[in-house]
Amino acid sequence: MTTRAVAAQRGISMIGFLFVTVVVLIVALLAFRTIPAYIEWYTIQRGLEEAVRDTQDPTLTNIRRAMDRKLSADYADAVSAKDIEIRREGNTIIAYVAWEKRLPLVHNATLLLEFEAQASR
C-alpha cells in the first residue's frame with residue numbers, strides 16, 4: 001500500500017524547482033535591465049513625433065531646437081538633438097534618429113540593444 005501512495009504523489013522535485021527558479025531569475029534580470037531602455041526609446045519616439053508635428057517651420061534647426069526642449073524635459077540622454085537626421089521625400093519631412101544601448105548584465109556579459117525612432121509630417 002505504501003508504494004501505491006508514493007507512486008500517486010505528484011509535484012515538482014527539488015532539482016526541478018531549482019531549475020525553474022534559475023530560469024525565472026534570468027528572465028527577471030533581463031526584464032529589469034531592458035525595461036528602462038525601452039521606456040527611454042518610447043520617450044524619444046514620442047518627443048520626435050511631437051517636435052516634427054508642432055514645429056511651424058519644419059527646418060533642421062527648428063526641429064532640433066524643439067527636440068532638445070523635449071529631451072531635456074523628459075530626461076532622455078541616449079540621444080541629443082544634433083543626432084537627428086532630416087530628409088524630404090516630396091512634400092513629406094522625415095526625421096530619424098538611431099542609437100545603441102549597451103547594458104551590462106553580469107561580469108563580462110553585455111546586452112546590446114539597437115533602437116530607431118522616426119517621425120514624418
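# Exercises on a predicted model

Asp 54 forms a salt bridge with Arg 53, and their closest N and O atoms are 3.2 Å apart. The model is predicted. Work through the exercises with the structure open.

## Exercise 1. The pair at the end of α2

Task: Classify Asp 54 and Arg 53 as buried, partly exposed or exposed.

Solution.
- Step 1. Recall the cut-offs: buried is under 20% relative accessible area, exposed is over 50%, and partly exposed lies in between.
- Step 2. Asp 54 has 42% relative accessibility, so Asp 54 counts as partly exposed.
- Step 3. Arg 53 has a relative accessible area of 54%, so Arg 53 is exposed.
- Step 4. Now look at a network. Salt bridges with shared partners join Arg 46, Glu 50, Lys 70 and Asp 74.

## Exercise 2. A bridge within one helix

Task: Find how far apart Arg 46 and Glu 50 are in helix α2, and explain what that spacing amounts to in turns.

Solution.
- Step 1. Start with the contact. The side chains of Arg 46 and Glu 50 meet in a salt bridge, at 3.9 Å from N to O.
- Step 2. Check the cut-off. A salt bridge needs the nitrogen within 4 Å of the carboxyl oxygen.
- Step 3. Arg 46 and Glu 50 are four residues apart in α2, so about one helical turn separates them.
- Step 4. Use the helix geometry. An α-helix has 3.6 residues a turn, so residues three or four places apart point the same way.
- Step 5. Add the exposure. Arg 46 is partly exposed at 30% relative accessibility. Glu 50 is partly exposed at 22%.

## Exercise 3. A bridge between distant parts

Task: Say which elements the salt bridge of Glu 40 and Lys 101 links.

Solution.
- Step 1. Count the candidates. The whole structure holds six salt bridges.
- Step 2. Take the one between Glu 40 and Lys 101. Their closest N and O atoms are 3.3 Å apart.
- Step 3. Place the residues. Glu 40 is in helix α2 and Lys 101 in strand β2, 61 residues apart, and the pair links these distant parts of the chain.
- Step 4. Compare the burial. Glu 40 counts as buried at 11% relative accessibility, whereas Lys 101 is partly exposed at 23%.

## Exercise 4. The aromatic pairs

Task: Find the two aromatic pairs of the structure and give the geometry of each.

Solution.
- Step 1. Choose the descriptors. A pair of aromatic rings is described by the distance of the centres and the angle of the planes.
- Step 2. Search the whole structure. Two aromatic pairs turn up.
- Step 3. Tyr 38 and Phe 115 are edge-to-face, with 5.1 Å centre to centre and 80° between the planes.
- Step 4. Tyr 38 is in helix α2 and Phe 115 in strand β3 (residues 109-120), so this pair ties together parts 77 residues apart in sequence.
- Step 5. Trp 99 and Phe 115 have ring centres 5.5 Å apart and planes at 25°, so their pair is stacked.
- Step 6. The stacked pair also links distant parts of the chain: Trp 99 is in strand β2 (residues 92-106) and Phe 115 in strand β3, 16 residues apart.
- Step 7. Join the pairs. Tyr 38, Trp 99 and Phe 115 form a cluster through ring pairs.
- Step 8. Check the burial. Phe 115 is buried at 5% relative accessibility, and Trp 99 is buried at 8%. Tyr 38 is partly exposed at 43%.

## Exercise 5. The two sides of α3

Task: Compare the span of α3 with the expected one, then find which residues of α3 are buried.

Solution.
- Step 1. Helix α3 covers residues 60-74, which is 15 residues.
- Step 2. From its first C-alpha to its last, α3 reaches 21 Å, close to the 21 Å expected at 1.5 Å a residue.
- Step 3. The buried residues in α3 are Ile 63, Ala 66, Met 67 and Leu 71.
- Step 4. These four cover an arc of only 135° around the axis, so they sit on the same side of α3.
- Step 5. Arg 69 and Ala 73 are exposed on the other side of α3.

## Exercise 6. A loop residue and a patch

Task: Locate Ala 81, then list the residues of the nonpolar surface patch.

Solution.
- Step 1. Ala 81 is in the loop between α3 and β1 (85-89).
- Step 2. Its relative accessible area is 9%, so Ala 81 is buried.
- Step 3. The C-alpha atoms of Ala 81 and Thr 61 are 9.4 Å apart, with their positions 20 residues apart along the chain.
- Step 4. Turn to the patch. Ile 12, Met 14, Phe 17, Leu 18, Phe 19, Val 20, Val 23, Val 24 and Val 27 make a nonpolar surface patch of about 900 Å².
- Step 5. Place one of its residues. Val 24 is in helix α2 (residues 14-54).

Terms used
Residues numbered from 1 in each chain as written. Predicted model: local features only at pLDDT ≥ 70, side-chain atom pairs only at ≥ 80, totals over all residues. Heavy atoms only, no water. Patch = residues over 30% accessible without salt bridge, like charges linked within 9 Å, V, L, I, M, F, W, Y side chains within 5 Å. Areas by Shrake-Rupley, 256 points an atom, 1.4 Å probe, with all protein chains shown as cover. Helix = DSSP H or I, 4+ residues; strand = E, 2+ residues; numbered from the N terminus. Phe/Tyr/Trp six-rings, centres within 6.5 Å; stacked < 30°, edge-to-face > 60°. Buried < 20%, exposed > 50% of the residue type's maximum accessible area, 1.4 Å probe, protein only. Expected span 1.5 Å × (residues − 1). Arc of directions from axis to C-beta.
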